[in-house]
Amino acid sequence: MKQISVPLCNLTQEPNINSSLETQLLFGEKIEIIEKKGKWIFCRSMYDNYKGWIKNHCVSDVQLNNFQISNPMSYIYNKPNIKSKPITKLFFNSKIKILEKNEVWSLCEFNGKKGYIFQNHLTSINSITKDNLIWVENAKKFLNVAYFWGGKSFLGLDCSALIQLAIQSLQIPFPRNSNDQFKSKILKNTTIHDIKKGVLIFWDGHVAIALNKDHILHANAFHMKVKVEPFLRAKKRIENSYGKIVGFKEFNF
């Protein structure tokens, strides 16, 4: 087992830089190496079982990460000073090893180097509360982020990545693809008459989060960003592209 050692790692369908993007892996994400081919590694994500090819320079030995990034993006600085030189940046849900912390800064370890990250951008992995409404608030952090097929970060993401990131922020495993999400055993069926905050609305190939009975939040290719819009207006438009809604689901935790 290895872990991702770069802020954002593309996982592609074939061992080729021109191959289509399947998803992206985040710093600290654990993988199983299945095959090596030149400068490429065929691997499986331990978080969602997604398989694909990544560059071999994107992995390192596993380290004990005890915190995760809770801000859409955060910088690691050379010194505990906002004017110091940034070493790198990390994205929401990236796992990091924190060595020391105070009220403002935390000393972290990044690929054998040490740096400082803003304390309020971190959440201890051991103190996460599995509250079925907190994940919706986490999804809202990505409002207006650009739509990007296969993306899984503040730089761009798709509809199912938005859901997965929000749920996995609670340390709950959840599939990457919307069709697999629909089949997840941690979801239970509900109806259009019982739409409320946190209900997932599924079309064939698309998913949105209900904020209430009248509005949804979703990453979509029509607006090319994460957008809040009236449910009925979006429903009519999406049905023209994907067909009718296949189900309504809510989390059973």
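## A tour of the chain

Begin with the whole chain in cartoon view: its secondary structure comes to four helices and 22 strands. The radius of gyration is 19 Å, close to the 18 Å that the globule rule gives for 253 residues, so the chain is as compact as a globular protein of that length. This is a predicted model. Along the principal axes, the C-alpha atoms fill a box of roughly 50 × 45 × 30 Å. Colour by accessibility, and buried residues make up 50% of the 253 residues. Of the contacts between residues at least 6 apart in sequence, 54% join residues at least 24 apart.

**Stop 1: the seven-stranded sheet**

Select strands E8 to E14 and follow the order E10-E9-E13-E12-E11-E8-E14, an open sheet of seven strands with antiparallel pairing. Strand E10 (86-91) and strand E14 (122-124) stand at the edges; each has a single partner strand, so one side of each is left without a neighbour in the sheet. From one strand to the next, the twist averages 40°.

Now zoom in on the E14 edge. Strand E8 (residues 67-69) runs antiparallel to E14 and is joined to it by three bridges. Show Ile69 and Leu122 here: Ile69 stands opposite Leu122 in E14.

**Stop 2: the E5-E6 hairpin**

Move to strand E5 (residues 40-45) and strand E6 (residues 51-55), an antiparallel pair joined by five bridges. Within this pair, Arg44 stands opposite Lys51 in E6. The hairpin has five residues between its strands. Select Asn49, which is placed in the loop between E5 and E6. Asn49 has a positive phi of about 70° although it is not a glycine.

**Stop 3: Pro173, across from the hairpin loop**

Keep Asn49 displayed and add Pro173. The two are 124 residues apart along the chain, and their C-alpha atoms are separated by 9.9 Å. Pro173 lies in the loop between helix H2 (159-168) and helix H3 (178-182). Is Pro173 buried or exposed? With a relative accessible area of 60%, Pro173 is exposed. Leaving aside neighbours within four places in sequence, Pro173 is in contact with Tyr47 and Ile186, so display both side chains as well.

**Stop 4: Asn144**

Go next to the loop between helix H1 (134-140) and strand E15 (152-153), where Asn144 is found. Asn144 is not a glycine, yet has a positive phi of about 75°. At 48% relative accessibility, Asn144 counts as partly exposed.

**Stop 5: helix H4**

Finish at helix H4 (residues 231-242). This helix has twelve residues and reaches 15 Å from its first C-alpha to its last, close to the 16 Å expected at 1.5 Å a residue. Which residues of H4 are buried? They are Phe231, Ala234, Arg237 and Ile238. These cover an arc of only 135° around the axis, which puts them on the same side of H4.

To see what lies over that side, turn on the strands: the cover of the buried residues includes strand E18 (200-203), strand E19 (206-210), strand E20 (215-220), strand E21 (225-230) and strand E22 (247-251). Then rotate the view to the face of H4 turned away from its buried side, which carries the exposed residues Leu232, Arg233, Lys236 and Asn240. Last, step just past the end of the helix to Gly243, which takes a positive phi of about 95°.

Key:
Residues numbered from 1 in each chain as written. Predicted model: local features only at pLDDT ≥ 70, side-chain atom pairs only at ≥ 80, totals over all residues. Heavy atoms only, no water. Helix = DSSP H or I, 4+ residues; strand = E, 2+ residues; numbered from the N terminus. Expected span 1.5 Å × (residues − 1). Buried < 20%, exposed > 50% of the residue type's maximum accessible area, 1.4 Å probe, protein only. Arc of directions from axis to C-beta. Contact = heavy atoms within 4.5 Å. Pairing = 2+ DSSP bridges. Axes fitted to C-alpha atoms, helices over the stretch in contact; angles between N-to-C directions. Rg over C-alpha atoms; globule rule 2.2 N^0.38 Å.
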